[in-house]
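Thanks for sharing this one. Here are a few notes to read with the model open beside you.

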Amino acid sequence: YPAFILFLCVAIKLFARKKVVLTAHNVTTHEQKQWEAHIYKRLYRLADRIVVHAQANKKEVVDLFGIDGQKIAVIAHGNYTFFNTEGAVPAANGECNVLFFGYIRKYKGLMHLIRAMKFVRARIPHARLIIAGRATEGFAEYQQAIDELGLGESVEKNLDYISFEQVKKYFERANVVAMPYENIYQSGVVQVAYGFSRPVVATDVGGFPEAVEDGKSGFIVPPKDVNALAEKLITVLSDRALQGTMGAYGLHMANTKFSWESIAAETNKLYETVIGPKRS
């Protein structure tokens, strides 16, 4: 509800006489209505500082809304290791699972992943796709593609909301986590995957190239490129040792680059610059 956030910020500035730091997890909504662009422009201009999670997101705020780049701080999306307190988790023996996790919406590119699985299965017949997340816009077109491609028995689905208690069982079964998104700003799914020491295959959109070290914690592929997506999934699924080294590196990134200690320090420093020097 961007209009409500704008109203709230105006009230804080006018009546409370406070400064406003705005964290933009998403620069705009993914299904932005035309009139919303004007609200976001006013909102970003009103804020004293803006926090985004990737350099790509900062560039978009500057390019779309004409905001001074000096006003924008890039602070990474923190880890989600709280889902797993046991450290590195080896994949289950005999499993060969690709996990798609989270709300199912068109921009997340699940259709590209379903089509890629046809090629994956041709090379690795026992590979399976696990889809876990609520389909907010319906699932009929995805089911039709699954049926037409003959993937029915190789696709496992849970189309309900996934509770915190259920997250663990899905990521423990995954050999690789796929994020075939057509667009994104940043995704917590990467951080959950890292927390369970799982390699990822993600598209070259938004903050993914800054969160995924290509060839180290996973692979980056062009968006909407079914063949490239399939090839990288095959590369990971067919090499158990690679799954282990990539997963370990992802967990290392979660505990260092994306640790809440370092993010808290950056955030604290930012707020101190907004507040100004302490008065004696």
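**Notes on strand 7 and Gln243**

1. Strand 4 (residues 97-101) and strand 7 run parallel and are joined by 2 bridges. Please bear in mind while reading that this is a predicted model. If you would like a residue pair to look at, Val98 has Val176 in strand 7 as its bridge partner.

2. Strand 7 also pairs with strand 8 (residues 200-203), again in the parallel sense, over 3 bridges. Here you can pick out Met179, which stands opposite Ala202 in strand 8.

3. How is the path from strand 7 to strand 8 built? Strand 7, helix 7 (residues 188-195) and strand 8 form a β-α-β unit, and this unit is right-handed.

4. Are the faces of strand 7 (residues 176-179) covered or open? Both are covered. Val176 and Ala178 are buried on one side, while Val177 and Met179 are buried on the other. Two of these residues have come up already: Val176 as the partner of Val98, and Met179 opposite Ala202.

5. Now to a polar residue. Gln243 lies in helix 10 (residues 240-255). Its relative accessible area is 7%, and because the cut-off for buried is under 20%, Gln243 counts as buried.

6. What does the side chain of Gln243 reach? It comes to 3.0 Å from the backbone oxygen of Val236. Setting aside neighbours within four places in sequence, Gln243 is in contact with Ala91, Asn175, Pro199, Val236 and Leu237. Val236 thus appears both in this contact list and as the residue whose backbone oxygen the Gln243 side chain reaches.

Technical notes. Residues are numbered from 1 along each chain as its sequence is written. This is a predicted model: local features need pLDDT of at least 70, side-chain atom pairs count only at pLDDT 80 or more; totals for chains, interfaces and linings use all residues. Side-chain values use heavy atoms; hydrogens and water are left out. Buried means under 20% relative accessible area, exposed over 50%, partly exposed in between (1.4 Å probe, protein chains only). Helices (H or I, at least four residues) and strands (E, at least two) are DSSP runs, numbered from the N terminus. Two strands pair if DSSP finds at least two bridges between them. A crossover is right-handed if, with the strands pointing away from the viewer, the path from the first strand over the helix to the second runs clockwise. A polar contact is a pair of N or O atoms within 3.5 Å; within protein, one must be able to donate a hydrogen and the other to accept it, and residues adjacent in sequence count only if both atoms are side-chain atoms. Contact means heavy atoms within 4.5 Å.
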